[in-house]
Amino acid sequence: MPLYEKLKNIDRRVIYIFIALSVIIPLVFKIAFTEQASPIVQNIFDKIESLPEGSRVILSYDYSPSTAPEIQPMADALTRHILEKDLRLYNMALWAPGHNIATETTDRIIIAEFPEKVYGEDYLNLGFKAGNEFLIAVILTDLKKMYTTDAKGTDIDSIPMMQGVKNLRNFDLILSLGGGKPGLKEWILFAGDPGHIPVAGGATAVSAPNLYPYYPEQMLGLMGGMKGGAEYESALMKIYPQYKNKSHPGIDLMGPQAIAHLVIMIFVIIGNITYFIARKRGEER
Amino acid sequence: MRRQVPLAITFIVGWTLIIAVFIPHPPFGQLGENFTTYFDIIAVFAFILGGGNLIRVHGNKVYKKRQDWPYSIVTILGFVVVLIAGLFKIGNPDGLSGDLTQPGSLFQDLYTYIFAPLQATMFSLLAFFVASASYRAFRAKNKEATVLLVAAFIILLGRTPIGGYLTFWLPESLSFFHIPNLAYWIMTIPNLAGQRAILIGISLGVIAMSLRLILGIERSYLGGEGERS
């Protein structure tokens with residue numbers, strides 16, 4: 001069978017093997033590239049940099065483990081940056097598994113790397129609440145209507161960080177990480193726009209294009225996919241070199257992603273070459 | 001009466017919420033907030049409804065031994081175990097008053113060791129399917145498909161550091177053709193224009209459908225056949 005015929009009828013399992021290898025090999029040999037923050041990512045970094053000490057920042061975990069490999073690097077980098085700047089971090093979740101992810105991030109990043117930070121004074125976990133965008137609409141005017149306790153069941157009025165917080169308008173920045181619904185779009189439409197609160201965040205690579213219409217007027221920045229997270233990590237390491245020695249999964253995983261993209265492109269090119277040969281021979285129209 | 005009451009509720013709530021946006025003062029502002037709060041309360045009950053429905057559908061399947069019924073046992077078991085672990089906070093170091101996701105609790109362990117790996121595995125399979133589908137379907141069959149293919153290549157390269165390495169040698173005057181810059185341009189100009197057009201179209205459709213619902217023209221949500229007038 002000529003090469004052309006073999007390529008035309010290539011078994012899908014061969015493609016699967018190439019994709020698997022394109023991910024495994026860079027992971028094993030730790031192939032990594034340098035990243036530079038694009039303007040849309042740098043805007044988020046600059047906004048956090050510009051906030052004065054003690055500013056209130058919401059970080060909403062609006063995703064589940066399925067998209068965590070793409071989104072989690074953003075959550076880690078943002079958490080580090082917010083706490084490094086001595087801002088007050090309010091974790092919450094519009095997605096039920098987001099609560100688990102927030103707890104896991106707290107353990108791995110805050111407790112491990114910022115042991116001096118005090119729960120309730122420097123960071124807080126408000127947990128998951130049902131209601132999607134309607135939850136946002138309610139807490140825009142009265143946060144305590146929906147949150148009477150934090151995730152640990154502590155009365156919200158007894159938490160130092162909640163003193164002076166009536167609603168979302170008392171926050172200086174809202175960050176939402178996700179890609180599905182509810183997510184960043186809902187935060188923009190139901191909190192950012194009506195409350196004039198700066199909103200930014202991150203989304204999976206497939207969801208990011210849908211969010212561009214809100215940039216830069218309604219959404220001050222966006223991290224799109226793994227690359228967005230890697231760019232934020234590089235921006236963080238540039239200003240705070242101490243994080244070069246910490247985990248940076250975004251940058252680490254860009255190697256496998258880059259090689260996998262290349263492999264997909266090579267297969268698409270091969271597919272097109274066989275298509276044109278077939279068309280020339282009159283096998284396909 | 002079965003139809004008039006829901007229609008009246010839809011009409012009153014719909015208009016109140018619309019007016020509340022333009023006149024956020026008493027009584028409309030407060031009414032708008034209250035209706036939104038009611039929605040959040042109802043949303044919680046949806047979980048109970050969803051759970052009940054899951055048990056009913058899969059219970060039926062197991063009872064009647066329909067095709068693939070053993071999977072339904074796994075579904076029901078998974079649901080019940082996670083529900084009990086969460087409700088009674090089994091293994092939670094802080095007991096019943098602690099955070100549901102406290103490290104060491106059964107609920108968090110189920111999440112960490114079962115739920116998260118399973119979901120991640122399912123999603124990871126996409127990489128293989130996308131590669132295979134791209135190979136078979138992504139063909140430059142006509143002008144439109146060729147434009148799509150070229151844009152896809154630029155984005156694929158631009159979303160990785162390889163794009164930058166390939167065109168780093170370009171002089172400053174040609175920096176627009178630097179692949180990451182091209183990818184950024186595609187995302188912020190043609191993509192943005194297309195997305196905005198779609199958004200405006202969807203929004204007009206939502207407005208039209210909302211008005212039909214509020215005015216009682218669209219009645220399919222009430223159930224039954226031939227309710228659309």
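By contact I mean heavy atoms within 4.5 Å. With that settled, this is a predicted model, and I will start with where chain A meets chain B.

The contact draws on 67 residues of chain A and 54 residues of chain B. Between them the two chains bury about 5200 Å², and 66% of that lies on carbon and sulfur atoms. On the chain A side, N100(A), Y212(A) and M265(A) account for 12% of the area that chain A buries against chain B, more than any other three residues.

Now the polar side of the interface. Between chain A and chain B there are 18 residue pairs in polar contact, both residues at pLDDT 80 or more. Helix α10 of chain A, residues 249–280, gives the most to the side of chain A that touches chain B, namely 17 residues. Sorted by class, that side of chain A has 36 nonpolar, 20 polar and 11 charged residues.

How many salt bridges cross the interface of chain A and chain B? One. K145(A) and E33(B) form a salt bridge through their side chains, at 3.8 Å from N to O. Over all chains, the whole structure has 11 salt bridges.

Next, one pair of helices across the interface. Helix α5 of chain A, residues 96–113, and helix α4 of chain B, residues 106–137, have axes that come within 11 Å and cross at roughly 95°. Angles of 65 to 115 degrees count as roughly perpendicular, so α5(A) and α4(B) are roughly perpendicular to each other. From α5(A), the residues making this contact are P97(A), N100(A), I101(A) and E104(A); from α4(B), they are F107(B), Q108(B), Y111(B) and F115(B). By class, that is five nonpolar, two polar and one charged.

E104(A) also has a partner within its own chain. R108(A) makes a salt bridge with E104(A), with the closest N and O atoms 2.8 Å apart. R108(A) and E104(A) are four residues apart in helix α5 of chain A, and therefore separated by about one helical turn.

Last, some backbone details in chain A. The peptide bond from K181(A) to P182(A) is cis, with omega near 0°. P182(A) sits in the loop between β4 (173–178) and α7 (184–195) of chain A. Y215(A) and P216(A) are also joined by a cis peptide bond, with omega about 5°. P216(A) belongs to the loop between α8 (208–211) and β6 (222–224) of chain A.

Which sign does phi of H196(A) have, positive or negative? Positive, near 50°, and this residue is not a glycine. H196(A) lies in the loop between α7 and β5 (199–203) of chain A.

Methods. Residues are numbered from 1 along each chain as its sequence is written. Chains are lettered from A and ligands numbered from 1 in the order in which they are written. This is a predicted model: local features need pLDDT of at least 70, side-chain atom pairs count only at pLDDT 80 or more; totals for chains, interfaces and linings use all residues. Side-chain values use heavy atoms; hydrogens and water are left out. Buried area is the accessible area (1.4 Å probe) that two parts lose on being put together, summed over both. A salt bridge is a side-chain nitrogen of Lys or Arg within 4 Å of a carboxyl oxygen of Asp or Glu. A polar contact is a pair of N or O atoms within 3.5 Å; within protein, one must be able to donate a hydrogen and the other to accept it, and residues adjacent in sequence count only if both atoms are side-chain atoms. Helices (H or I, at least four residues) and strands (E, at least two) are DSSP runs, numbered from the N terminus. Ala, Val, Leu, Ile, Met, Phe, Trp, Tyr, Cys and Pro count as nonpolar, Asp, Glu, Lys and Arg as charged, and the others, Gly among them, as polar. Axes are lines fitted to C-alpha atoms, for helices over the stretch in contact, and angles run from 0 to 180 degrees between N-to-C directions. Angles under 35 degrees count as roughly parallel, over 145 as roughly antiparallel, 65 to 115 as roughly perpendicular and the rest as oblique.
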